[in-house]
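I opened this entry to go through the ligand sites one by one. Notes follow in the order I looked things up.

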Amino acid sequence: MNTVRTVKVGGDYHYTIAIGADLLADGARLAHMLRGRHALVVSDGNIAPLYADRVEAALRAARPDLVLQRFVIPPGEQEKTLARFGECLEALASLGATRDATVLALGGGVVGDLAGFAAACWMRGIDCVQLPTSLLAMVDSSVGGKTAVDLPAGKNLVGAFHPPRAVIADTSTLRTLPDRELRAGLAEVVKYGAIFDAHFLHWIEGHAEALLARDEAALAHAIALSCEYKADVVARDPFEHGDRAMLNFGHTFGHAIESEQGYAGTTGEGLNHGEAVAVGMVLAARLATALGMAPTEDADRLQALLQRLGLPTAIPVGLAPESLLARMRLDKKADARGLRFVLWTGAGKACITSGVDEGAVLRVLTHG
Ligand SMILES: NC(=O)c1ccc[n+]([C@@H]2O[C@H](COP(=O)([O-])OP(=O)(O)OC[C@H]3O[C@@H](n4cnc5c(N)ncnc54)[C@H](O)[C@@H]3O)[C@@H](O)[C@H]2O)c1
Ligand SMILES: O=C(O)C(=O)C[C@@H](O)[C@H](O)[C@H](O)COP(=O)(O)O
Ligand SMILES: [Zn+2]
């Protein structure tokens with residue numbers, strides 16, 4: 001039997017996350033989310049050939065009156081740009097999308113963030129249904145309504161909060177996800193255990209091999225639990241005025257690495273988002289130790305787990321500490337008092353700390 005797990009995101013901007021096999025072929029489920037007659041499937045050049053026909057055929061069978069078009073970007077973080085965002089808006093114009101139109105974001109986090117931002121802006125906001133196909137998108141980026149594009153100056157600097165109308169995660173799509181991208185998704189899974197739940201962190205340690213081997217039960221558990229943690233915090237704090245910022249654990253360092261490398265992760269010349277976050281989490285744990293907030297053993301434990309998952313845990317060679325620090329000053333958590341960090345204070349715990357001494361940050365960037 002095909003089990004479909006659902007996680008509800010509550011609060012003022014409520015919606016449901018459905019997680020299960022073969023959901024992209026479920027035309028009735030997809031069509032149920034569409035209010036109007038127009039829909040734009042946004043995808044990338046790896047994912048569209050694999051899954052876009054399936055989604056469109058299912059939708060057409062359920063809604064023969066639908067006016068449906070496809071907009072495909074080349075794959076990769078380097079495409080999460082204002083230029084592609086503009087092209088996506090042009091695609092909505094050529095579709096004749098009315099205010100009850102829907103954007104269907106079929107892909108990983110790059111597609112989800114870009115398509116979500118276009119949906120947030122077209123006619124000041126239309127529906128976006130997230131159809132995540134990467135593990136990272138299933139556990140994190142499809143949920144919570146953060147949408148954005150990158151600038152050369154920094155990650156996600158232009159965007160909007162625009163909660164999706166629904167998230168439909170077809171776990172069968174993970175069969176074609178490259179190993180490296182699976183590991184990147186596991187970095188964000190580790191993040192939830194690290195900051196929210198010591199038991200979950202322990203469970204990941206016990207199931208690292210099963211997760212890497214794509215054991216379906218282990219992956220389904222990791223996806224559902226990650227979504228529950230994210231749903232819980234974004235329902236309480238949809239616009240990141242408070243503890244939603246915990247989800248940024250590892251990201252102050254990670255985003256600096258990504259932008260300093262020119263978002264070259266997908267091409268293999270740099271770290272992708274999940275990899276950069278893995279390095280960032282270890283550095284944030286080391287910073288907490290340096291500030292006397294956590295024992296060294298905790299940071300060692302986190303580093304060991306990420307290494308077992310095949311993730312990098314050190315800053316790539318050639319990146320200058322001072323350049324990374326300069327990029328961190330443009331981090332969205334920084335304020336008039338300076339840098340703000342999510343610091344790891346032991347399994348299942350983290351705290352948000354303002355005015356962190358730049359000297360301490362530079363020492364961690366230099367010596368790890
Ligand atoms: N909005 C948020 O809350 C949030 C959260 C986390 C990350 N993000 C963003 O998400 C992005 C990273 O997402 P990502 O890791 O999914 O990267 P991605 O979208 O670049 O996808 C990774 C690679 O895998 C390919 N791919 C995806 N699904 C596939 C499948 N089923 N089969 C074969 N290939 C597949 C893609 O084409 C791409 O080459 C970053 O831009 C990051 O900033 C956003
Ligand atoms: O949803 C959130 O909130 C997060 O911080 C999740 C992160 O994993 C994600 O990478 C997010 O896009 C980072 O947000 P940003 O505000 O630092 O751009
Ligand atoms: Zn992230």
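**Ligand 2**

I started with Lys 191: an N or O atom in its side chain is 3.0 Å from an oxygen atom of ligand 2. The model is predicted. I then checked His 273, which also has a side-chain N or O atom 3.0 Å from an oxygen atom of ligand 2. Asn 156 brings a polar side-chain atom to 2.9 Å from an oxygen atom of this ligand. Next I looked up the cover: alone, ligand 2 has 430 Å² of accessible area, and the protein covers 91% of it. I asked which elements give two or more residues to its shell. I found H6 and helix H9 (251-260).

I listed the 14 residues around ligand 2; Asp 140, Lys 146, Lys 230, Arg 244 and Lys 332 come nearest. By class I got eight charged, five polar and one nonpolar. Where does ligand 2 lie relative to the two domains? Domain 1 (5-176) and domain 2 (179-367) both give residues to its shell, so ligand 2 lies between them.

**Zinc ion (ligand 3)**

His 273 came up again here. I noted three protein donors for the zinc ion: Glu 188 through OE, and His 251 and His 273 through NE2. They lie 2.0 to 2.2 Å from the ion. I wrote down the donor spacing in sequence as E-x62-H-x21-H. Glu 188 sits in helix H6 and His 273 in helix H10 (residues 273-290), so far as I traced them; this pair links distant parts of the chain, 85 residues apart. Are Glu 188 and His 273 buried or exposed? I found both buried.

**Ligand 1**

I moved on to the nitrogen atoms of ligand 1. One is 2.9 Å from a side-chain N or O atom of Asp 113. I found a 2.8 Å distance from a ligand nitrogen to a side-chain N or O atom of Thr 133. For Lys 146 the partner is a polar backbone atom, 2.8 Å from a nitrogen atom of the ligand. How much of ligand 1 does the protein bury? Taken alone it exposes 860 Å², and 94% of that is buried by the protein. I then listed the elements that give two or more residues to this shell: helices H2 (48-62), H4 (109-121), H5 (135-141) and H6 (179-196), and strand S8 (154-161).

I counted 29 residues around ligand 1, with Asp 44, Glu 77, Ser 134, Lys 155 and Thr 176 coming nearest. I logged the classes as 11 polar, 10 charged and eight nonpolar. Domain 1 (5-176) and domain 2 (179-367) each supply at least three residues to the shell.

Key. Residues are numbered from 1 along each chain as its sequence is written. Chains are lettered from A and ligands numbered from 1 in the order in which they are written. This is a predicted model: local features need pLDDT of at least 70, side-chain atom pairs count only at pLDDT 80 or more; totals for chains, interfaces and linings use all residues. Side-chain values use heavy atoms; hydrogens and water are left out. A residue is near a molecule or strand if one of its heavy atoms lies within 4 Å of it. A polar contact is a pair of N or O atoms within 3.5 Å; within protein, one must be able to donate a hydrogen and the other to accept it, and residues adjacent in sequence count only if both atoms are side-chain atoms. Accessible areas come from the Shrake-Rupley method with a 1.4 Å probe; for residues, only the protein chains shown count as cover. Helices (H or I, at least four residues) and strands (E, at least two) are DSSP runs, numbered from the N terminus. Ala, Val, Leu, Ile, Met, Phe, Trp, Tyr, Cys and Pro count as nonpolar, Asp, Glu, Lys and Arg as charged, and the others, Gly among them, as polar. Domain bounds come from an automatic or database domain assignment. Donors are N, O and S atoms within 2.8 Å of the metal (3.2 Å for Na, K and Ca); water is not among the atoms, so sites may look incomplete. Buried means under 20% relative accessible area, exposed over 50%, partly exposed in between (1.4 Å probe, protein chains only).
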